[in-house]
Amino acid sequence: MSTALNPDEHLDGSGNRISPALRTEALEQLLTERGLVDPNVMDKFIATYETAVGPLNGAKVVAKAWTDPEYKARLLAEGTAAIKELGFAGPQGEHIVVVENTDSVHNVVVCTLCSCYPWPVLGLPPAWYKDPAYRARVVREPRKVLSEMGCEVGDDVEIIVRDSSAEVRWLVLPQQPAGTEGLSEEELIPLITRDALVGVAHISAP
Amino acid sequence: MDSVADLGGATGWGTVEPPTPQDKDAVFHEAWEGRAFALTLLTMGRVSGQNLDAFRYALGRLDSKSYFDDTYYGRWLNASELMLVESGIIAPGAVDARARKNAGESVEEPGVPEENKPDYSATAAGSLRQVEEAPRFAVGDTVTTVADVESDANKLPAYVRGRTGVVEAVQPAHVFPETHARFLGEKPQHVYSVRFTSTELYGDDAEKFELTIEIFDDYLEEKA
């Protein structure tokens, strides 16, 4: 079972590497013409992750936690169940643990072995999360990497990196920006960005 | 044996791609990426009879061009192709041949091979399982990871091998990817979130921080 693909594969008649776009089209043809894959089902999967399942879900979870202390307590104690209360569950969300960023602790999430990410609350991962540079470096020099990404973390704040090497999925509960305490959930949701829920950004007041 | 995917702590990668603001960021930047994503989900779930750990294992066995140069969803496509070839669903070279034919080359396409799907069905949905035995370790226990792993399907990144940390949480038990990925059984076991200091991982000159990672029971040494 350990036969890796031959690195000389994927060359065309002139010796140029065939683009993954052309090979994707070819594989889809090979499977659909034998009835093994239904292009309509593929369309549904794509639409689901382009529209229905994305970081807006995570923003709703955070806004509720900021405005409802009892919900926040449940979220930090039993993340998966508290997230399900809002209707969010599914692949890559079997066991979600929520960790809180505070004045003294800054959590940041990575998957060094692949790109494991909490799909039900954040959708599919952005380019930077999948970047080999992020995967390699954030577990070695996180303060420097965060600074390069525009997220300054004070020297008095402890950084905890969370490497998702199994099926536990991590979601960061960011700090609520000062001055937004009186806002409603609906007013808070647009302020809450994807990158803050992974721990590479802070959230600013409007 | 280390896989091409084991990047944690590696040097020489340069700066991180700067984040695109979320409202300007597309989930799929080109149409084929969405097709490759959907093909992967469908083939690993329904066509090749395989599983999520087998998909990750396939990713880790790609050559460096297929892993890095074809970009993220190209990597998914390549892993799907590997699983489909190993399961005898498509012939080696079939995808390249079709792509070249579509591009106007005169190429003979290989026939459909004899199916060779693994004899496999999961004992339950997902990756979490109940384990009767009590966990060997509790929150606060000091633990040490094994220094060596033999399988190329291992899930113990090189940068945390042979290191000592403290159990932060006992997580739900999981199927063991090392055996599950190769259809050698689920071998469910306890999983611990273990906290390490950066100096334990990289030495006294390391940037100061702490790191938590999930460690499967098989990768922890006996209690001291």
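Me: Which residues lie nearest the centre of the second largest pocket, and how many line it?

Reply: A pocket is an open set of points on a 1 Å grid over the protein atoms alone, with protein on both sides within 12 Å along at least five of seven lines; lining residues have an atom within 4 Å of a point. Here 22 residues line the second largest pocket, and A:Y49, A:G54, A:P55, A:L122 and B:V27 are nearest its centre. This is a predicted model, where local features need pLDDT of at least 70 and side-chain atom pairs pLDDT 80 or more, while totals for chains, interfaces and linings use all residues. Residues are numbered from 1 along each chain as its sequence is written, chains are lettered from A and ligands numbered from 1 in the order written, and side-chain values use heavy atoms, without hydrogens and water.

Me: Which helix gives the most to the lining of the second largest pocket?

Reply: Helices are DSSP runs (H or I, at least four residues) numbered from the N terminus. In this pocket α2(A) leads with four residues, and α3 (55-67) and α7 (127-130) of chain A each supply at least two.

Me: How much space lies in the largest pocket?

Reply: A volume is the space filled by probe spheres set on the grid points, which are joined across faces, edges and corners. For the largest pocket that comes to about 970 Å³. Of its 42 lining residues, A:P91, A:Q92, B:L41, B:M44 and B:L52 are the closest to the centre. Helix α2 (39-52) of chain A and α1 (31-47), α2 and α4 (71-86) of chain B each add at least two residues to that lining.

Me: And what of the largest cavity: which residues are closest to its centre?

Reply: In a cavity, a 1.4 Å probe fits but cannot get out. The structure has one of 30 Å³ or more, with about 240 Å³ of space. Among its 20 lining residues, B:S3, B:R56, B:Y57, B:N154 and B:K155 are closest to the centre. Helix α2 (residues 52-60) of chain B contributes the most, with five residues.

Me: B:R56 caught my eye. Which side chain does B:R56 meet in a salt bridge?

Reply: A salt bridge puts a side-chain nitrogen of Lys or Arg within 4 Å of a carboxyl oxygen of Asp or Glu. B:R56 pairs with A:E167 at 2.8 Å, N to O, and the count between chain B and chain A is eight.

Me: How much area do chain B and chain A bury between them?

Reply: The size of an interface is often given as the accessible area lost when the parts come together. With a 1.4 Å probe and summed over both parts, these two chains bury about 8,000 Å², 60% of it on carbon and sulfur atoms. On the chain B side, B:V16, B:Q22 and B:R35 lose the most area to chain A, together 9% of what that side buries.
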